[in-house]
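Reader: I've got a multi-chain model open. Can you walk me through how to read its features?

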Amino acid sequence: MDNKNISKRIFKDRIFTVCVTFLAFIACLPLLGILFLIIKNGASSINLGFFIHLPKPVGEEGGGIANAIVGTFIVVGIAFLIATPISLLTGIFLSENRKSRFSEMVRVSIDILSGIPSIVIGIIAYLWVVKPMKGFSALSGGIALAMIMLPVVIKSAEETLKLIPYSLREASFALGVPYYRTVLKVILPTGFSGIITGVLIAVARIAGETAPLLFTAFGNPFMNFNITKPVNALPLLVFNYATSPYEQWHKIAWGAAFILIIIVFVVNILARMISKKWKVTF
Amino acid sequence: MKKLLKLAVSALAVISMFVQPLKASSVELIGAGATFPYPLYSKMFDVYNKEHGIKINYSAIGSGGGIRQLMAKTVDFGGTDAFLTDKEIREMPGSAVHIPTCIGAVVFAFNVPGVSELNLTPDVIAGIFLGKIKKWSAPEIRKINQNVKMPDINIVVIHRSDGSGTTFIFSDYVSKISNEWKNSVGTGTSLKWPCGLGAKGNPGVAGLIKQIPGSIGYVELIYALSNKIPFACVQNKSGIFIKPSLLNTSIAANVELPDDMRVSITNTNEKNGYPICGFTWIIVYKEQNYDNRPFEKAKELVNLLWWITHQGQRYTEALHYASLPKEAVVKAERIIQSITYNGKPIIK
Amino acid sequence: MALKKTSKKQEIKKVFSKDPGPWNFYSRAGNKYFLMDWIFKKILFISGVSIFFLVLMIFIFLVLNSMPSIKEFGFRFFLSKSWDPVFEKFGALPFIAGTIFTSFLALLISLPFSLSISLYLGEFSKSGFFSGFLKNSIELLAGVPSVVYGFFGMFVLIPIVRYLEIKFNIEPYGVGIFTSSIILSIMIIPFSASLGREVIELIPQDIKEAGYSLGSTRYEVIKRIVLPYAKSGITAGILMALGRAIGETMAVTMVIGNSNVMPKGLFSPANTMASLIANEFTEAVSRIHLSSLIEIGLVLFIISAVFSIMGKIFIHKFSITENG
């Protein structure tokens, strides 16, 4: 009787273990599927011309995505330049004023900001930048992406700086170093790897954002370096070409998705390497 | 900190390097709108760029979008297959003119296994798109397709999800042939669809039709041809089943044209005309000096319009659009000449 | 002399007790860095304020720009099934329904998987080849851009779903609520799984060991100790995942079918709030159409804000139980 009960319990446990392992394994399949498909379809459409040519009109063979690659770098670059300083300062502010009521308010705002769907951010960038400037532009796309980047970088900066022990700054004060220099020269460098990691992760995330670019960066079949003019971007191109009926364009879209994923993964891996290599532990 | 500052300064310098020459450099025109003529425009603008060195960035976002973006003055010109309604003209911040660029036909592309020829009558079209005829084997369809074996599968209606001039031409036609449609759905660039799936742009609709067996949708002729999707013959007012082609599209355009070129040519009276076709237009502001636009930009825009309605027309046939009839070109010339900068005409 | 000394000491003591930051000492002393410190602190403060105002302004702009639609339709906006651009009657119910269906279904599909992954990584096997592989896969999955998921959905998932639909004799759209939910669930699995893993790893080892020492099997420990203990953390993860699914745009737009009518069933095409905006925002001609779209954006904003705050509260609750 007792024995039976125990074996039943053990049996249940076994079943459960198998189930959990099986489900966890199944969940990996889509990733492998996506990676496999993109490598298979993407790699074949990539050659040198793919990187240096512009898209051709419908129906003509060949053509590349040089404009989209450059466009992605421009838009992400703008977002980076806008978001990084503000997020760093805010991150320092939050880690320095941990308990104040106001910083709690700021923290809630950041949580809200990070939860806003990216398409809504697109609407805002349209209302704030595109409409007053009377035109779609790389700048408006960059600003939209910056708003998405802000909460990610702020959070990682705050978390990193919080972990730095108080003794470190006390040592600095003891040497007569003023507050601002202590923060900039002692605390920031100590948290540097964590902050860089946060920035890189945010960059990887915004590089793949499409929704906010739909009505800001807009797309452009030509090469464009002017940030007040529309530019194309990799995710936009993937979206437009994937939903088209042309086989030729599907091929280009697979290639573009491949490059996009490579960029995102490389940045992610870089972030992890940096956080491992330069990590300061206490 | 100094390093950071240096970095920021040099970054700013790099940005301003990008911004500066742009103001001085050659003009770039931005347009957005109809997807219907997009293959033609992308070819024309590619050629124009090679010949005149002017970059024209046209984004196919749908006619509704073309009108909206011109209204918001975010583009230099809008492309549309639906002329502005009187209400839209009133809402425009300035008076806008329509320049016809070509004529296109809207065809019913379908994907029915085993069927390559399909006849449709106005009643059947209205029935299918109102969601009343649900199966390909319905007696109404079988009656007019006697020598084809219709499979017993469901009809999937595919329509546009975005504001579209193609939808406008289509709904303009269906409103003319079906009172029920006219009263319950109406004519417009976006509609309240009684049934079916939406896809973005002509390309999206064509793509979805290709994927879904049993589907039917309306697309511009070239999208059906270039994707090798079969399309239906439509019975016109004279009772003849017409296979859409360039010829019977231009026949349909054989009507009295008003001076502002806002004209619908659907459901033509011509005996051999295809009933569902329409002009596609580029819309621009009549007075080009707004928002401190430089004169060069206005001039380049007018030159482009002139080129499209004249030299550009030679690219139409190859891409299965009908070129403008002579009468339309003359009207277009007069409209282009009426475009002004500071009240003075830009070209004579 | 002696008296003077003590007073200075007392003064220092006072300063320190007021604010433990030693920098205050410098400012009192009239140090030459006083101004720099003051400016620096102000800059920090201003950047904090700017974030607060950014969010506030986003909210205000959304409200202002959706005013025409709010005035025109009022509360009926949320109850009306009709989205009619020709006669300019707009109602958001089909999209609210579409959003709720897709995101809850996605959550339902993803829950067993994400829970399994977090249990496997947090409890069963913290190291080893497969768990390393699993961990990396999940991190990579989280990094895949949503447009790529949509692309994958269009060319892999849609044909599969269509095949199933033909088998079961449903209209073979391929696109629709079911397809979008699957794509969404794939997208939120890494998110909720990594959160769940963190929560489960935080559970103190000793209470689990207490369970084992009483002769419980692992299943019983998980059921009686781990899951109840991690409850609020897991709830927070679910909330955040749900918030993500509701706001997700591109992948859904590519596979949902963009049909502006009330969804009729699991396989029928629909539209979510986010995908509606993506489809129509650049194309809405009339003022009221545009402002209705922005009002939908406002709804999305409010929903996501509520979810973020609720998620935060749950996480906070969890960290309290952890300390207690």
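Author: Sure, strands to begin with. Helices (H or I, at least four residues) and strands (E, at least two) are DSSP runs, numbered from the N terminus, and two strands pair if DSSP finds at least two bridges between them. As for ground rules, this is a predicted model, where local features need pLDDT of at least 70, side-chain atom pairs count only at pLDDT 80 or more, and totals for chains, interfaces and linings use all residues. Residues are numbered from 1 along each chain as its sequence is written, while chains are lettered from A and ligands numbered from 1 in the order in which they are written.

Reader: Which way do β1(B) and β3(B) run, and how many bridges join them?

Author: They run parallel, with 3 bridges between β1 (residues 28-33) and β3 of chain B. Gly31(B) sits opposite Phe77(B) in β3(B). Another 3 bridges tie β3(B) to β11(B) (residues 277-285), this time antiparallel, and there Gly79(B) faces Ile282(B).

Reader: Where do the side chains of a strand go?

Author: In a regular strand they alternate between the two faces of the sheet. In β3(B), residues 77-80, Phe77(B) and Gly79(B) point one way, Gly78(B) and Thr80(B) the other, and all are buried. "Buried" means 20 or more other C-beta atoms within 10 Å of a residue's own; 12 or fewer is exposed, in between is partly exposed, and C-beta atoms are placed from the backbone.

Reader: How do I check a helix?

Author: Compare its length with the expected span, 1.5 Å times one less than its number of residues. For the 12 residues of α8(A) (179-190) that gives 16 Å, and the end C-alpha atoms are 15 Å apart, which agrees. Its buried residues are Tyr179(A), Thr182(A), Val183(A) and Leu188(A). Seen down the axis, they fall within an arc of 145°, so they line one face of α8(A); the arc is that of the directions from the helix axis to the C-beta atoms.

Reader: And the chain contacts?

Author: Two residues are in contact if their C-beta atoms, placed from the backbone, lie within 7 Å. Chains C and A give 67 residues each to their contact. On the chain C side, α3(C) (residues 34-73) gives the most, 16 residues. That side has 47 nonpolar, 17 polar and 3 charged residues. Here Ala, Val, Leu, Ile, Met, Phe, Trp, Tyr, Cys and Pro count as nonpolar, Asp, Glu, Lys and Arg as charged, and the others, Gly among them, as polar.
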